[in-house]
Amino acid sequence: MTASGALPSPRRVQGTYYVLVLGNTLAASFIWGINTLFLLDAGLTNLEAFAANAFYTVGVLVFEIPTGVVADTLGRRASYLLGTATLAATTTLYWLMWLWQAPFWAWAAVSVLLGLGFTFFTGAVDAWLVDALEATGYRGSLEAVFGRSLVVSGAAMLAGSVLGGVIAQLTDLGVPFLVRAGVLVVMLAVAALLMRDLGFAPERGAGPVRATRAVLVASWRHGLARAPVRWLLLASPFTAGVGFYVFYALQPHLLDLWGDPEAYSIAGLAAALLSGAAMLGGAIAPLVRRLFARRTSTILLAAVTSTGVLLALGVVQDFWIAVALVAVWGVMTAIDDPVHRAYLNDMIPSKQRATVLSFDSLLGSAGSSAFQPLLGRSADLGGYGFSLLLSGALSAVAVPFVLLSRAQRSPADAAEGVTDEDPGTRSP
């Protein structure tokens, strides 16, 4: 609510959402271009570095549903503030462990806590946005809102990843982590000032155990128990899970193709390329969506193209061709993102929205936990190109699941705007 008690306009809700996206992505992206190099510089092997990332996803896996329930019971704003504070603290711990050349078990433990921080965000921010848009009377395209958020996050990622690489080049690999922690502290204050739960009443009166049980039961009913949602969720381990590995593997892979293992600015180029691709993909996603009658057509286009690009990256040895392929992969991933999110949000009722969205993220993290050590080990044995070939093969597994979701012919597949229709009343 505003100071006068009136609801803010849908435009203001979107503005607040874009500010949150901007701050979150800027904070995270300072280390995206150099994270793998940071872990290797701390004395970890490829296997240990990607295993540390896998422990991050183990943390996401363990805490995703509990923190989704926090968002659905205590409120989306409370969840966001808890996540920001946790990430600021764990980022600082990462920097300290790098200074101390900490053993692998310490990296594993703090990575789990880092995953806890991110789980407070997943589901909560998107659920806050969709609830607030419905409450303020927005009837435009969800793809347009999510697409613009990708443009914002892409710009933040471009600035943060390039600056992170340059700062690391001029100082050392630890300074970008300190910058990230500082930005998170600023975002904690910004969110406390701007973010309010709209169109959603937290279940505070039922008690935590009873409320949690109710949310989980309803989330099952509107999640895995509903066929179009279930099949889309089951695609996540093979898209989000593989994508997490690919994002970080591209840093050392491009360095290998460039021929200079200490050219940190080139490592930042991978993140910068993907940020520019996110901006382009987010901008054109609503246009691509309009080319098809159904959302799943756009999702399938992105999935098939991304698989082909990863297979090509596995065999290409020319740096500039690889750069072009990375850009294509980033654009297709960005086109998929707003359409996927709009499709999923439109099939879930408000009170279970954050938990089901968190479960979607949980499945992606489960895939990442399983695939990252496997793909990291394959990079040790056969090089990053070989691991990207395996990544392409794994990402192809998502295609049949999307086809199965499409076959259910959910009304959300053909929808174009925000709807307040109860998904529970739709045919399975």
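**Buried arginines and helix packing in a predicted all-chain model**

Arginine 353 is buried, with a relative accessible area of 3%. In this predicted model, arginine 353 belongs to helix H14, which covers residues 350–382. Contacts of arginine 353, setting aside residues up to four places away in sequence, are made with Asp72, Arg76, Ala127, Val130, Asp131, Glu134, Asn345 and Ile348. Arginine 353 is also separated from aspartate 126 by 227 residues in sequence, while the C-alpha atoms of the two residues are 8.7 Å apart in space.

The setting of this residue may be placed against the protein as a whole. The secondary structure consists of 17 helices and 0 strands. Of the 428 residues in the protein, 58% are buried. When contacts between residues at least 6 apart in sequence are considered, 86% of them join residues at least 24 apart.

Two further arginines were examined in the same manner. Arginine 180 is located in helix H8 (residues 175–194). With a relative accessible area of 5%, arginine 180 falls under the 20% limit and is therefore buried. Outside its neighbours within four places in sequence, arginine 180 is in contact with Ala27, Ala28, Phe30, Ile31, Leu87, Thr91, Leu114 and Phe118. Arginine 289 lies in helix H11, which comprises residues 264–290. Arginine 289 is likewise buried, at a relative accessible area of 5%. A polar contact of 3.4 Å links the side chain of arginine 289 to the side chain of glutamate 143.

The packing of helices was then considered for three pairs. Two packed helices are described by the angle between their axes and the distance between the axes. For helix H4 (residues 76–100) and helix H5 (residues 104–119), the axes come within 8 Å and cross at roughly 160°. H4 is therefore roughly antiparallel to H5, the angle being over 145 degrees. The crossing of H4 past H5 is left-handed. On the H4 side, the contact involves Gly83, Thr86, Leu87, Thr90, Thr91, Leu93, Tyr94, Met97 and Trp98, and these meet Ala106, Trp107, Val110, Ser111, Leu113, Leu114, Leu116, Gly117 and Phe118 of H5. By class, the residues in the contact of H4 with H5 comprise 12 nonpolar and 6 polar, with no charged residues. Leu87 and Thr91 of H4, together with Leu114 and Phe118 of H5, take part in this contact and are also among the residues in contact with arginine 180.

The loop between H4 and H5 contains glutamine 101. Most residues other than glycine have a negative phi. Glutamine 101, although not a glycine, has a positive phi of about 50°. Glutamine 101 is partly exposed, with a relative accessible area of 44%.

The second pair consists of helix H10 (residues 227–258) and helix H16 (residues 398–407), whose axes lie 8 Å apart and make an angle of about 165°. H10 and H16 are therefore roughly antiparallel to each other. The crossing of H10 with H16 is left-handed. Residues Pro228, Trp231, Leu232, Leu234, Ala235, Phe238 and Thr239 of H10 meet Ala398, Phe401, Val402, Leu404 and Ser405 of H16. The contact of H10 with H16 is made up of 10 nonpolar and 2 polar residues, and no charged residues are present. Arginine 409 is situated in the loop between H16 and helix H17 (411–414). A positive phi of about 55° is found at arginine 409, which is not a glycine. Arginine 409 is exposed, with a relative accessible area of 60%, whereas arginine 353 is buried.

In the third pair, the axes of helix H12 (residues 295–315) and helix H15 (residues 384–395) come within 7 Å and cross at roughly 165°. This angle makes H12 roughly antiparallel to H15. H12 and H15 cross in a left-handed sense. From H12, the residues Thr307, Leu310, Leu311, Leu313, Gly314 and Val315 meet Gly385, Phe386, Leu388, Leu389, Ser391, Gly392, Ala393 and Ser395 from H15. The contact of H12 with H15 has 8 nonpolar and 6 polar residues, and no charged residues.

Conventions
Residues are numbered from 1 along each chain as its sequence is written. This is a predicted model: local features need pLDDT of at least 70, side-chain atom pairs count only at pLDDT 80 or more; totals for chains, interfaces and linings use all residues. Side-chain values use heavy atoms; hydrogens and water are left out. Helices (H or I, at least four residues) and strands (E, at least two) are DSSP runs, numbered from the N terminus. Buried means under 20% relative accessible area, exposed over 50%, partly exposed in between (1.4 Å probe, protein chains only). A polar contact is a pair of N or O atoms within 3.5 Å; within protein, one must be able to donate a hydrogen and the other to accept it, and residues adjacent in sequence count only if both atoms are side-chain atoms. Axes are lines fitted to C-alpha atoms, for helices over the stretch in contact, and angles run from 0 to 180 degrees between N-to-C directions. Angles under 35 degrees count as roughly parallel, over 145 as roughly antiparallel, 65 to 115 as roughly perpendicular and the rest as oblique. A crossing is left-handed if the near helix is turned anticlockwise from the far one by less than a right angle, and right-handed if clockwise. Contact means heavy atoms within 4.5 Å. Ala, Val, Leu, Ile, Met, Phe, Trp, Tyr, Cys and Pro count as nonpolar, Asp, Glu, Lys and Arg as charged, and the others, Gly among them, as polar.
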